[in-house]
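Please take a first look at this protein chain. What holds its parts together, and which side chains sit inside?

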Amino acid sequence: MTRSNARELAAHLIYELDYTDLTPAQAIESRMERGYYDALAAENEVYADRPSKKQMNYITACVTGVAEHAEELDALIAKYSIGWNLHRISRFTKAALRLAIFEILYVEDVPTGVAINECVELTRKYEDAEVVSFVNGILGSFARSLKENPQ
């Protein structure tokens, strides 16, 4: 499994948390349960391989981190999605954006450009072209603001 696939699994879990009352740990445990995970492989090729221990650590850190920083991440999405109400953004797109912004801010071994590109490609897989451009614009504006105002 590649880091991109691990990122996609993390986005699926972040998305799932929007629909359930599960904690990040409970969501990860239920999705990674062998029978459930293997059944998902028939629906989506990203589940063909199981994550390594290193990839599971990354997935867990991202899903937990996004949940812990959800308010901050949503505020940043809202700030840079000019003219859009956060509730108009699809839950999957919001999950992908949360993950990308979390990686940019908190995951040291993920360069900003990689986080943006991976989010754009992930969005391209699940959304239409208009949404892909929207996501690229939000993340581009966010990244430029970090260069202009380093924290």
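The report below goes through confidence, salt bridges, aromatic rings, cysteines and two polar side chains.

## Confidence

This is a predicted model. The average pLDDT of the protein is 94. A score of at least 70 is reached by 99% of the residues. Confidence can also be read element by element. Helix 4 has the highest mean pLDDT, at 98. Helix 8 has the lowest, at 92.

## Salt bridges

Side chains of opposite charge can pair when their charged atoms come close. In the whole structure, a search finds nine salt bridges. Three of the pairs are listed here, with the distance between their closest N and O atoms.

| Acidic residue | Basic residue | Closest N and O atoms |
|---|---|---|
| Asp109 | Arg3 | 3.1 Å |
| Glu8 | Lys125 | 2.8 Å |
| Asp18 | Arg98 | 3.4 Å |

Take the pair of Asp109 and Arg3, whose closest N and O atoms are 3.1 Å apart. This pair links distant parts of the chain, 106 residues apart. Asp109 sits in the loop between helix 6 (91-106) and helix 7 (112-126). Arg3 belongs to helix 1 (residues 3-17). Asp109 is exposed, with a relative accessible area of 53%. Arg3 is partly exposed, at 30%.

Next come Lys125 and Glu8, with their closest N and O atoms 2.8 Å apart. Here helix 7 supplies Lys125 and helix 1 supplies Glu8, and the two residues are 117 residues apart. Is Glu8 buried or exposed? Glu8 is buried, with a relative accessible area of 6%. Its partner Lys125 is partly exposed, at 38%.

Asp18 and Arg98 form another salt bridge, at 3.4 Å between the closest N and O atoms. Asp18 lies in the loop between helix 1 and helix 2 (24-32), and Arg98 lies in helix 6, so the pair ties together parts that are 80 residues apart in sequence. Asp18 counts as partly exposed, with 27% relative accessibility. Arg98 is buried, with a relative accessible area of 8%. Salt bridges can also share partners: Arg7, Glu103 and Glu118 are joined in this way into one network.

## Aromatic rings

How many aromatic pairs does a search of the whole structure find? The search finds six. In one pair, the ring centres of Tyr80 and Phe142 are 5.8 Å apart and the planes stand at 70 degrees, so the pair is edge-to-face. The cut-off for that label is an angle over 60 degrees. Tyr80 lies in helix 5 (residues 70-80) and Phe142 in helix 8, so this pair ties together parts that are 62 residues apart in sequence. Both Tyr80 and Phe142 are buried. Ring pairs also link Tyr15, Tyr19, Phe92 and Tyr126 into a cluster.

## Cysteines

The whole structure has zero disulfides. Why is there no bond between Cys62 and Cys119? The sulfur of Cys62 has its closest cysteine sulfur in Cys119, 12 Å away, so the two are too far apart for a bond. A disulfide would need the sulfur atoms within 2.5 Å. Cys62 is buried, with a relative accessible area of 1%. Cys119 is buried as well, at 3%.

## Two buried polar side chains

Asn44 is found in the loop between helix 3 (34-41) and helix 4 (53-68). With a relative accessible area of 12%, Asn44 counts as buried. A polar atom of its side chain lies 3.0 Å from the backbone nitrogen of Val46. The side chain of Asn44 also makes a polar contact with the side chain of Tyr126, at 2.9 Å. Which residues does Asn44 touch, leaving aside its neighbours within four places in sequence? Those contacts are Glu8, His12, Lys125 and Tyr126. Glu8 and Lys125 are also the partners of a salt bridge described above. Tyr126 belongs to the ring cluster.

Ser145 lies in helix 8 (residues 129-148). Ser145 is buried, with a relative accessible area of 13%. Its side chain reaches the backbone oxygen of Phe142 at 2.7 Å. Phe142 also provides one ring of the edge-to-face pair with Tyr80.

Notes. Residues are numbered from 1 along each chain as its sequence is written. Side-chain values use heavy atoms; hydrogens and water are left out. Helices (H or I, at least four residues) and strands (E, at least two) are DSSP runs, numbered from the N terminus. Buried means under 20% relative accessible area, exposed over 50%, partly exposed in between (1.4 Å probe, protein chains only). A polar contact is a pair of N or O atoms within 3.5 Å; within protein, one must be able to donate a hydrogen and the other to accept it, and residues adjacent in sequence count only if both atoms are side-chain atoms. Contact means heavy atoms within 4.5 Å. pLDDT is the predictor's confidence in each residue, from 0 to 100. A salt bridge is a side-chain nitrogen of Lys or Arg within 4 Å of a carboxyl oxygen of Asp or Glu. Rings of Phe, Tyr and Trp (its six-membered ring) pair if their centres lie within 6.5 Å; planes under 30 degrees apart count as stacked, over 60 as edge-to-face and the rest as tilted.
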